[in-house]
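User: Hi! I am new to protein structures and would like to walk through this one with you. Could we take it step by step?

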Amino acid sequence: MTTSRILPAPKIAALSIHFLVIGGGIAGLSCAVALARVGHTVTVLERQTDLHEGSCGSRVAPNLSKILYHWGLEKDVRKIAVKSGGIELGISSTGESLGVHHWDDEMLREARGEFLFMNYGDIRQLLHDAAISLGVKIRLGTEVTSIDPDKRRAKLANGEVVMGDVIVGADGVNGVTRRLVLEQEAVEEEPPTQRYNVYTTRIPRNIVEQDPELAPLFDEEFKRLFVSYGSGGCVIAFPVGPDMQELAFEVYTGNDGNAREWGEEASAKGLAAACAGLSPRMQKLAKLSPQAPQCVAVLEYAELEDWVHDSGRLLLVGDAAHPMPAGCIHDDAMALEDGAVLAKLFSHIRTEDQIPNLLYAFQDLRQPHVKTVLAQEIRDIDFMSLPDCEMQQGRDDSLRTKRDAGIDVMAPSSTEEEMPQWAEVKFVFCYDAEDDADNWWMEWGLLRERARGTDVALGFVEPVAIRQGVSKTTL
Ligand SMILES: Cc1cc2nc3c(=O)[nH]c(=O)nc-3n(C[C@H](O)[C@H](O)[C@H](O)COP(=O)(O)OP(=O)(O)OC[C@H]3O[C@@H](n4cnc5c(N)ncnc54)[C@H](O)[C@@H]3O)c2cc1C
């Protein structure tokens, strides 16, 4: 249970409304924490009963950790996270190390966050507990079967009807809410492209450390992220859990036909086959997992034009709005940033008729940033998985040159000021979603409100419940 005191938000909404959040993944729970922090009433409906189902390792970049710290959750994060010192690049087929990069202190200071390793289920639990401490009602084991956005209500599998002022669709890429928004576009969604699958599993430290060749994967000083390049796939490994109890192991491979949903078991044989051409060290690791791995498709979807339903009362967030490739670095971050931005915007609500505008503002703000990050994620997976070719040779040789000269792998070459790939990474790490939302409000939000005749010069107003009748639910 969360012990930290959630820090009060700098601005509390003048009008408190009821958000009905469909889905309690990272996006839904982040929206819940952030919206409750600014004074709104939130109900989350989640069909799962176990928040740790399908939990594997997550890389938590500074753009995500800074928001958790900003909300006052740093103490709790420290109990469950491993603070990473940097990254080691290598070649998966031979086990050759191509060099290391230590996270740059100046960059981390600028980013105001840290690079952490956490378990997906632990992040979810942390957000769940924080939301509960803020008075959010979370109904686990509650499946939504249909939604009427115009009437702002959701029907549950048990026949119950639940209402809210705004419905937040955080039910993932295959959820009810994305389908509703797609239906209104009256075009068939293009099937996603599937070039890779990713196997993920967690291996207990005490098992890994029994093998002297594998034991150095747990390194108390550096706590590194291992990234091994391969042809048509790549391998990522990092320690997770309090005291680094486990090693998260992810293997990207071509589409081998073994993909299932998150939370479903895949065959250990599939993982072994994906590791067949890899170094003996990796092959040994693949065999150590005591539980069956998961294998999830890495899907690339065409951009969804509308995230707001025509009713002006239903908004898509997280993977429902912008599905991220499985196992990528910023999937959880994009979901959490969504919650942070949504709450920033709804901290400015004074009248109910602002709701659609604020939902469209969310879309305006988030779409370009998510698009940039999504493209970067796909480029990164391709870069790590380059087939044997001139480009791959150039990539590896330039890293070898730096390694042999004792230089950091992210150091610029003699002809550049900064490595372009590193500049891109830094941009996303240093991005502050909450600052961006504040800036948007100052630049555009206030203008729009003044144009609508809203008296935005008024000072702080105590939250009042929106029309009692509408907010009342069957809960
Ligand atoms: C079970 C599971 C395990 C995962 N494990 C990892 C992991 O270990 N590492 C990693 O990097 N990423 C993992 N992911 C993916 C990652 O969480 C997402 O890509 C990212 O965080 C975006 O999250 P989201 O909340 O937008 O969507 P999702 O994570 O897909 O969450 C959607 C939520 O909505 C719920 N839901 C869907 N339909 C309904 C309905 N009709 N009624 C009620 N609830 C509904 C689902 O149960 C789910 O909890 C996992 C996803 C899932 C669903």
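**A walk through the model**

Analyst: Happy to! Helix α5 covers residues 120-133, and its 14 residues reach 20 Å from the first C-alpha to the last, close to the 20 Å expected at 1.5 Å a residue. Please keep in mind that this is a predicted model.

User: How many of the 14 residues of α5 are buried?

Analyst: A residue counts as buried when its relative accessible area is under 20%. In α5 the buried residues include Gly-121, Ile-123, Leu-126 and Leu-127, and also Asp-122, Arg-124, His-128 and Asp-129. The helix is mostly covered, and the number of buried residues is 10 of 14.

User: Which residue just after α5 takes a positive phi?

Analyst: Look just past the end of the helix, which spans residues 120-133. There you find a positive phi of about 90°, and the residue that takes it is Gly-135.

User: Now for another helix. What distance should α12 span at 1.5 Å a residue?

Analyst: Helix α12 runs over residues 390-404, which makes 15 residues. The expected span is 1.5 Å times one less than the number of residues. The end C-alpha atoms of α12 agree with that expectation, as both the expected and the actual span are 21 Å.

User: Are the buried residues of α12 on the same side or on opposite sides?

Analyst: The buried residues of α12 are Gln-392, Arg-395, Asp-396, Leu-399 and Lys-402. They cover an arc of only 125° around the axis, so they lie on the same side of α12. Exposed residues on the other side are Glu-390, Thr-401 and Asp-404. The answer for the buried ones is therefore the same side.

User: Which elements do the buried residues of α12 pack against?

Analyst: Start from the buried residues, among them Leu-399. Their packing partners include one helix, α11 (355-384). The full list is α11, β6 (86-91), β7 (97-102) and β15.

User: Is Ser-228 buried or exposed?

Analyst: Ser-228 sits in strand β15, which covers residues 224-229. Leaving out residues up to four places away in sequence, Ser-228 touches Gly-90, Ile-91, Ser-92, Cys-234, Val-235 and Met-282. Its relative accessibility is 8%, and because the cut-off is under 20%, Ser-228 counts as buried.

User: Where does Lys-223 lie?

Analyst: Lys-223 has a positive phi of about 45° although it is not a glycine. At 22% relative accessibility, Lys-223 counts as partly exposed. Its place is the loop between α7 (205-208) and β15.

User: Which residue in the loop between α4 and β8 has a positive phi?

Analyst: That loop connects α4 (105-111) with β8 (116-119). The phi there is near 60°, a positive value in a residue other than glycine. The residue is Arg-112.

User: What about the ligand: which residues come nearest?

Analyst: There are 29 residues around the ligand. One of the nearest, Glu-46, has a polar side-chain atom 2.6 Å from an oxygen atom of the ligand. A backbone N or O atom of Arg-47 lies 3.1 Å from a ligand nitrogen atom, and an N or O atom in the side chain of Asp-331 is 3.0 Å from a ligand oxygen atom. Those that come nearest are Glu-46, Cys-56, Tyr-120, Asp-319 and Asp-332.

User: Which residues does UniProt list for "domain: FAD-binding"?

Analyst: This label comes from an unreviewed UniProt entry. In the model, the stretch is 33% helix and 26% strand, with end C-alpha atoms 31 Å apart. The listed residues are 20-375.

Conventions
Residues are numbered from 1 along each chain as its sequence is written. This is a predicted model: local features need pLDDT of at least 70, side-chain atom pairs count only at pLDDT 80 or more; totals for chains, interfaces and linings use all residues. Side-chain values use heavy atoms; hydrogens and water are left out. Helices (H or I, at least four residues) and strands (E, at least two) are DSSP runs, numbered from the N terminus. Buried means under 20% relative accessible area, exposed over 50%, partly exposed in between (1.4 Å probe, protein chains only). Contact means heavy atoms within 4.5 Å. The arc is that of the directions from the helix axis to the C-beta atoms. A residue is near a molecule or strand if one of its heavy atoms lies within 4 Å of it. A polar contact is a pair of N or O atoms within 3.5 Å; within protein, one must be able to donate a hydrogen and the other to accept it, and residues adjacent in sequence count only if both atoms are side-chain atoms. UniProt positions are given in the numbering used here, feature names are shortened, and annotations may be inferred rather than shown by experiment.
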